[in-house]
Structures are given as structure tokens and as C-alpha cells.
Amino acid sequence: MNAALFVIFSFLILAIYLGIRATRGKNMDLEQWSVGGRGFGTIFVFFLMAGEIYTTFTFLGGSAWAYGKGGPAFYILAYISLSYVLGYWIAPKIWKYAKENKLMSQPDFFATKYKSPFLGIVVSCAGVLAIVPYIILQFKGLGIIVSEASYGAISPTVAIWIGAISLTVYLMISGIHGSAWTAIVKDIMIFVIVLFLGIYMPFHYYGGLQPMFEAVHQAKPDFLTLPKTGLSISWFISTVLLTVFGFYMWPHTFNATYSAQNEKVFRRNSIISPIYTLMLLFVFFVGFTAILQVPGLTGANEDLSLLRLSIKTFDPWIVGFIGAAGLLTALVPGSMLLMAASTSLSKNVYGVLVPSATNAQISKLAKFLVPVIALISVYFTLNGGNTIVTLLLMGYSIVTQLFPAFIFSLMKDNFVTKYGACTGIVLGIVTVMYITISETTVGTLFPALPEVVKDLNVGIIALIVNILSLVVVSLFTKNSSMVPKVEKSHSA
């Protein structure tokens with residue numbers, strides 16, 4: 001075993017140990033397992049939510065887009081920062097409503113707001129549909145990190161299986177408690193390593209940031225600007241808007257808000273977190289450095305740019321620490337994603353379809369579903385070729401379809417009915433899936449439109465379909481109810 005592998009697996013063992021230790025003295029029922037008994041303070045919530053945001057995407061996707069796309073990569077920095085502005089206002093509202101109604105999953109929120117368990121099923125299925133590409137992203141990133149950091153000693157396939165098995169065992173034992181403790185270790189590591197790489201690489205190879213940008217500009221004159229067509233300014237703005245709307249609609253991010261002690265936690269985090277987001281700049285600096293130092297990476301191989309440059313630059317033991325940080329960036333959000341998917345399927349699908357199910361049965365089913373969803377994700381990870389950013393954008397297009405129904409539900413006099421909410425979500429997701437499968441763009445649908453419109457993120461079309469159908473159906477179904485109200489509640 002080389003030094004890099006030793007360091008990587010040491011941190012994997014540490015993460016599993018922290019997960020097991022975090023459950024001591026706790027009765028791990030569904031509420032403790034999924035939302036930590038709603039007892040997390042500012043620090044835990046900060047690291048937990050940062051743990052969900054700064055994933056393998058931070059390591060690989062951000063540097064890959066800086067390497068392969070240039071200027072358009074800065075949309076990542078823009079949308080995360082703006083999302084915290086939105087979160088300052090909506091996260092406390094989510095927490096307050098969840099605490100008052102003892103909610104444990106994202107579908108609980110929609111089902112309770114619209115008094116429709118069936119809508120909870122729809123939201124649960126939508127969440128899982130979005131989560132699977134995101135889990136694939138984590139597994140794909142994990143496979144790349146471990147394989148590259150081990151200098152090829154472990155293949156990506158073997159690395160993915162090791163990661164999936166470890167993640168499944170880790171999550172089934174520890175739930176959200178293990179994720180929170182591991183997130184602290186991960187975020188400290190990723191903060192130090194990203195800052196180090198982002199400063200060291202440009203100075204090591206170019207003598208500074210300005211010389212690096214000058215060298216890239218000389219080699220590719222327009223690379224650091226937004227192109228006039230394709231990933232243009234209209235694509236940039238529309239993509240930022242869509243991802244901001246979808247940011248808190250991810251089931252695992254939504255669920256994480258339930259774990260806080262009080263609503264002030266979120267406002268503190270929303271003030272601090274945009275500064276933390278500046279860390280992504282240093283990820284971009286690594287990607288820009290790699291353009292001339294590890295040239296020739298194309299397509300999905302662009303995701304290798306940070307690790308290839310690190311292997312070229314450092315000794316194996318340093319590469320091991322970089323790989324270990326990358327491993328944890330897959331483990332923490334991966335566990336939250338799997339937990340959100342399994343909880344919503346067990347509580348909001350099985351629990352509604354089988355009203356006689358007890359809380360204990362639902363809790364056991366949630367843990368049983370963890371390896372099932374993990375296996376499905378591994379299958380698609382090993383049989384798909386999408387880049388990390390593409391997978392993330394597809395998942396965002398799906399979860400954003402929950403935003404209109406959600407934002408209307410916060411209104412004092414909400415005119416949207418459960419029929420309208422359900423129709424909007426379903427038609428929006430169907431549109432996203434059609435667009436994704438057919439590889440449609442606004443330009444291919446409407447070739448006569450001006451370029452500024454054709455370059456809009458295609459998710460805009462799905463969102464327009466969603467909102468129009470939501471409004472129209474709601475106006476026609478006022479004072480109607482979709483299904484009878486369920487008498488039994490599975491809330492803790």
C-alpha cells in the first residue's frame with residue numbers, strides 16, 4: 001500500500017469511527033436518525049449544511065469547469081452566494097413550521113401545507129429522482145479521487161464499490177449524527193487544502209495569480225470571458241436563477257433545516273456562509289493552473305484536472321491528504337442524500353400507502369432502503385458517462401420544480417390548490433426528463449428566436465410549464481381536495 005492509499009483509508013476508518021461514536025447514549029429512532037432530535041446548534045448546522053454543499057463537486061466539478069469552460073464556471077460562485085441570501089428568509093420559516101408540526105422529511109412539509117398525503121408521495125418521488133443523479137455524482141467523484149490518488153492501484157470501479165459499502169454501513173449505524181461530526185473534520189480539511197492548492201499552484205508554476213491569468217489569456221484569448229453564444233450571459237443569469245431557486249429544494253438540504261435548535265441558527269449561517277463560499281475561487285485557480293500544465297483533458301476527463309495536477313506536483317503522502325479530503329466530500333453529502341431518499345420513501349410513500357404501518361416499521365424500512373438506493377446509484381454510476389457538473393445541473397432542474405409550490409405555500413392567502421401544486425410539479429419534471437433524454441435546447445425548440453433567448457438554460461422552459469399549469473389548475477380546482485385527509489400520523 002502506497003502512502004497515499006494509507007492516508008485515504010485512515011480517514012475512511014476515522015469517519016466510520018466518528019459515526020459509530022456519535023450514536024452513543026441515543027435512542028436511534030427515526031427522529032434521531034434523520035433529524036438529530038432537532039438539537040443541533042449553530043456550529044453543527046453550519047458544518048452540516050456546508051457539508052452538503054461542498055461535495056466532490058467542489059473538488060472536481062469546479063476545477064473541471066474552470067479547466068474546460070473558463071468564464072462560465074463563475075456561475076457556481078454566484079449561485080451559492082445568492083442562495084444564502086434566499087436562505088436567510090426562507091430557512092427559518094421552514095424550521096418553524098417543521099417544529100410546530102413535528103415534520104421529519106421534505107414531503108411532510110408539502111403534504112401538511114396542502115393537506116394532501118398524495119402530494120407528499122409526488123414530492124417524495126421527485127426528490128428521489130433528483131437525488132439519484134446527485135448520489136451518482138458523489139460515487140463518480142469518489143471513484144475518480146481514490147483511483148487517481150492511489151496512482152492507479154485501485155480502479156474507479158473498485159473504489160466506487162468500497163465507497164458505497166462504507167457509506168451504507170456508516171449511514172445505517174449513525175444517521176445524521178455521524179454526518180454532522182464527520183462534516184466538521186471534512187470542512188476543516190477541505191478549507192485548508194483548497195486554500196493551499198489555490199495559492200500554491202499558481203505561484204509554483206507561474207509565479208503568481210496575475211502571471212497565471214496572463215498565460216491562460218495568451219494561450220486562449222477569450223477563455224476567461226463569457227462567450228457570445230452558448231454559455232453566454234443569458235445562460236449565466238438563467239442558470240444562476242434556476243440553481244438559486246433549487247438550492248433549498250434539495251431534500252437533504254431541506255431536511256437539514258429541521259435539525260436546528262432555533263431559527264436564529266439559519267440567519268447566522270446565512271451571514272457567514274457567503275464568505276466561506278469564496279473558497280471556490282481557489283478551486284478555480286487550480287483548474288486555471290492545470291490548463292497549461294496538464295493539457296489535453298476533454299469531456300468527462302476534465303474532472304481529473306485537479307488530481308492530475310496534484311499528482312504531478314506533490315509527493316504521494318500529500319496526494320493522500322488531498323484524496324482523503326475528497327473522500328470525505330463524497331461521504332458526508334452522500335450519507336445525507338441517501339438518508340433523505342430512504343426517509344421520504346418509507347415515511348411518505350410506504351407510510352401513506354400502508355396506514356397500518358407503525359413508526360418502528362417505518363424506521364426499519366428507512367434503514368433497509370439505504371443499501372437498495374445505494375445499489376441503484378452504483379449501477380448508474382458504472383454505466384453512465386456524464387460529467388460531474390452535468391449530473392448536478394440535471395438534479396437541480398428536477399428539484400427546482402418544487403420551488404413554485406413551496407414559495408406559494410409560504411403566502412398567508414395561498415390560492416394554489418393541491419391539484420395545482422401536484423400538476424405543476426409533475427408536468428415540470430416530465431418536461432425536464434424529456435429535455436434531458438432528447439438533449440433539447442431552447443434553440444432547437446425555437447430556432448427563430450434571438451440568440452439571447454436561445455441561450456437560456458433549458459430548465460426555464462420546465463419552470464414556465466410548471467408555473468402556468470400550477471396557476472391554471474389551481475384556479476379551476478379551488479376549494480377541492482385531492483384525497484381524503486389521512487387520520488393516522490407517523491410523525492414522531
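**Exercise 1. In this predicted model, find what Lys454 pairs with, and say how the two partners sit in their helix.**

Step 1: Start from the side chain of Lys454. Its salt-bridge partner is Glu451, with the closest N and O atoms 3.8 Å apart. The cut-off for a salt bridge is 4 Å, so this pair makes the list.

Step 2: Now place the two along the chain. Both belong to helix α21 (residues 451-454), and being three residues apart they're separated by about one helical turn.

Step 3: Check the surroundings. Lys454 comes out partly exposed, at 21% relative accessible area, and Glu451 is partly exposed too, at 33%.

**Exercise 2. How many salt bridges does the structure hold, and which helices do the Lys347 and Arg308 pairs link?**

Step 1: Get the count. There are three salt bridges in the structure.

Step 2: Take Lys347. Its side chain meets that of Asp108 at 3.0 Å, N to O. This pair ties together distant parts of the chain: Lys347 lies in helix α15 (residues 316-353) and Asp108 in helix α6 (residues 106-113), 239 residues apart. Both Lys347 and Asp108 are buried.

Step 3: Take Arg308. Glu148 is its partner, with 2.8 Å between the closest N and O atoms. Here too distant parts of the chain are linked, Arg308 being in helix α14 and Glu148 in helix α7 (residues 117-149), 160 residues apart. Arg308 counts as partly exposed at 34% relative accessibility, whereas Glu148 is buried at 14%.

**Exercise 3. Glu302 has no salt bridge: which side chain of opposite charge is nearest, and how far away is it?**

Step 1: Locate Glu302. Look in the loop between α13 and α14 (305-313).

Step 2: Go for the charge. Glu302 is buried, and the nearest opposite charge is on Lys69, 4.1 Å away. A salt bridge needs the atoms within 4 Å, so no bridge is assigned here.

Step 3: List the company. Setting aside neighbours within four places in sequence, Glu302 touches Ala64, Tyr67, Gly68, Lys69 and Leu297.

**Exercise 4. Which residues of helix α9 are buried, and how many residues of α13 are?**

Step 1: Start with α9 (residues 209-219), where Met212, Ala215 and Val216 are buried. Viewed down the helix axis, the buried residues of α9 fall within an arc of 95 degrees, so they line one face. Gln210 and Gln218 are exposed on the face turned away from that buried side.

Step 2: Turn to α13 (residues 279-293). Of its 15 residues, 13 are buried, so α13 is largely enclosed by the rest of the structure.

Conventions
Residues are numbered from 1 along each chain as its sequence is written. This is a predicted model: local features need pLDDT of at least 70, side-chain atom pairs count only at pLDDT 80 or more; totals for chains, interfaces and linings use all residues. Side-chain values use heavy atoms; hydrogens and water are left out. Buried means under 20% relative accessible area, exposed over 50%, partly exposed in between (1.4 Å probe, protein chains only). Helices (H or I, at least four residues) and strands (E, at least two) are DSSP runs, numbered from the N terminus. The arc is that of the directions from the helix axis to the C-beta atoms. Lys and Arg count as positive and Asp and Glu as negative; His and the chain ends are not counted. Contact means heavy atoms within 4.5 Å.
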